Amino acid sequence: MSASALAQFGTKHVARGIGRLTTEVIESGSGSYVTMVGGRRMLDFTSGIGVTNLGHCHPAVTKAAQSQMGKLVHGQINIAFQKPYLDLVQSLLPLMPHKSLDTFFFWNSGSEAVEAAVKLARHATKKQNIIVMQGSYHGRTFGTMAMTRSKTIYGQNYAPLMPGVFSVAFPYCAQCSVVAHSGGKYSFENCCMDPVLQLELLLKRETAPSDTAAIIIEPVLGEGGYVPPPAEYLAKVREICDKNNILLIADEVQSGFGRTGRMFAIEHWGVRPDILVMAKGIANGFPLSGIVSRKELMDMQKPGSMGGTYAGNAVACAAGVAVAKAFQDEKILENVAARGAELKGMLDAAKSDPKTGKMIYDVRGLGLMLALECMPGHGYASKIQAKCMEKDMLVLTTSIYDTLRFIPPLTITKEDMAKGCQIIKQAIEEVAVGERPAETGTKGQALE
């Protein structure tokens with residue numbers, strides 16, 4: 001089939017409920033690039049939505065998976081231990097943000113891992129309710145749909161959803177309602193900490209601590225706009241959890257495995273989670289996710305209460321071992337720091353430039369998890385995205401606010417980052433030149 005015929009076939013036979021950036025068909029990927037059927041080569045600043053952190057088809061990961069394919073593909077975890085699973089646990093233990101995180105359960109997807117964390121929290125505490133953050137994304141399964149608060153589309157018309165979920169404001173300083181109502185300018189460095197007060201009030205008004213099993217939080221808000229919290233926020237949430245016998249769950253599905261410049265984002269603030277959720281970058285594209293907690297909590301679950309047909313697949317685990325080794329051998333985090341500084345420097349310069357700054361409301365993020373939020377009402381983010389596509393570059397929008405997110409491979413070279421920065425800069429400049437105040441941008445499709 002030709003590229004257009006394949007796209008037409010996909011449109012006809014693939015579920016319409018899947019939103020996508022383009023109808024082009026990816027044929028192959030290598031490093032920071034994907035190649036479409038028809039030969040178009042595109043610089044990928046999406047990394048499969050933060051999955052191929054080591055780049056497409058990383059040689060060591062590919063080799064590990066190929067080797068495992070010839071030994072054991074499926075070693076069902078409820079039947080026996082399998083070596084790649086145990087090798088992965090051994091590889092991840094030194095990388096955990098706290099030594100108490102020593103007992104693992106692997107599953108397939110981020111949503112499943114979030115539900116495993118909720119399952120553990122409810123069972124361990126004998127309490128039901130879960131507190132989530134407004135703007136959070138945790139998945140599309142029935143449990144995680146109830147917990148996702150980034151956009152209504154994920155749960156619209158699918159009710160009734162899982163009960164016992166309560167939401168509270170995340171410290172999104174650029175959209176702080178307290179600042180907006182007072183007519184002031186937001187200050188990330190001097191946050192008013194109103195979300196902490198709102199959390200304390202929630203525990204007094206809606207879900208008593210005696211009914212609350214856990215607070216789940218993305219250390220950097222993901223689909224809600226790539227928003228890091230102010231310096232003191234997570235520590236205050238930890239204090240509230242300790243005071244009220246509530247577990248703290250860190251959802252590191254998107255922010256983990258080096259994305260923010262630390263192995264796990266929560267390390268930036270030195271806060272200990274009771275349960276850590278991981279997926280996406282854990283196996284560089286192979287379907288694998290997991291949770292890790294302290295043994296005393298995990299051992300409370302009866303044998304047989306956890307499992308899954310494909311949970312901790314042998315090939316995916318072998319890939320995960322190779323990923324962990326690559327972080328140690330290839331100075332990945334050093335590259336994240338260098339390339340992240342280059343990308344953020346370009347975005348900051350665009351915000352400071354009088355020609356383009358009028359379109360830009362905020363630049364934020366950590367490492368190579370960066371966002372550019374545009375002034376509302378004009379659809380600038382979607383227009384910039386379209387310009388990048390014209391220049392053979394994949395980039396995503398996110399959030400209910402007009403925001404672009406940048407998630408290139410953590411292994412991206414200095415040369416490819418320079419190329420990417422130039423494309424983004426040109427796209428911003430071209431949109432600025434063609435600005436029409438009365439125009440309204442196209443509403444972006446929901447991705448994740």
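**Notes on the predicted model**

1. Let me begin with helix α3: the elements that cover its buried residues include α4 (83-92) and α11 (314-329). Please keep in mind throughout that this is a predicted model. The helix itself spans residues 59-69, and its buried residues are V61, A65 and Q68. Viewed down the axis of α3, these buried residues fall within an arc of 65°, so they line one face of the helix. P59, K63 and Q66 are exposed, and they sit on the face of α3 turned away from the buried side.

2. Strand β10 deserves a look next. How many residues of strand β10 (residues 289-293) are buried? Five of the five are, so the strand is largely enclosed by the rest of the structure. S289, I291 and S293 point one way from β10, while G290 and V292 point the other way, with burial on both sides. In a regular strand, side chains alternate between the two faces of the sheet, and you can follow that pattern here residue by residue.

3. Now for the partners of β10. Strand β4 (residues 103-107) runs antiparallel to β10, and five bridges join the two. β9 also pairs with β10 in the antiparallel sense, over four bridges. I291 is a handy landmark for both pairings: it is the bridge partner of F105, and V277 stands opposite I291 as well.

4. I291 turns up again in the packing. The largest nonpolar core has 92 residues, and those with the most contacts inside it are L92, F106, I291, L343 and I424. Another core, of 36 residues, lies apart from it, with I49, I217, Y226 and A250 among its members. As background, nonpolar side chains tend to be buried together in soluble globular proteins. If you would like one residue to centre the view on, try L92: leaving out residues up to four places away in sequence, L92 touches F104, F106, F257, M278 and I282.

5. A loop residue is also worth your time. Is T260 buried or exposed? T260 lies in the loop between β8 (247-251) and β9 (275-278). Its relative accessible area is 2%, and T260 is therefore buried, as the cut-off for burial is under 20%. Setting aside neighbours within four places in sequence, T260 is in contact with V220, S255, A265, H268, V336, L366, G367 and M369.

6. On the cysteines, the structure holds zero disulfides. C317 is in no disulfide, and the nearest cysteine sulfur, that of C57, is 19 Å away. A disulfide here would need the two sulfur atoms within 2.5 Å, which is why that pair does not qualify. C317 is buried, with a relative accessible area of 0%. C173 is buried too, with a relative accessible area of 8%.

7. Finally, a word on a second group of strands. An open sheet of four strands has the order β1-β2-β3-β13, and its pairing is mixed. Which strands are at the edges? They are β1 (26-30) and β13 (393-394), each of which pairs on one side only. β1 and strand β2 (residues 33-36) run antiparallel and are joined by four bridges. To find the register between β1 and β2, start from S28, whose bridge partner in β2 is T35.

Conventions
Residues are numbered from 1 along each chain as its sequence is written. This is a predicted model: local features need pLDDT of at least 70, side-chain atom pairs count only at pLDDT 80 or more; totals for chains, interfaces and linings use all residues. Side-chain values use heavy atoms; hydrogens and water are left out. Buried means under 20% relative accessible area, exposed over 50%, partly exposed in between (1.4 Å probe, protein chains only). Contact means heavy atoms within 4.5 Å. A nonpolar core is a set of buried Ala, Val, Leu, Ile, Met, Phe, Trp, Tyr and Cys residues joined through side-chain atoms within 4.5 Å. The arc is that of the directions from the helix axis to the C-beta atoms. Two strands pair if DSSP finds at least two bridges between them.
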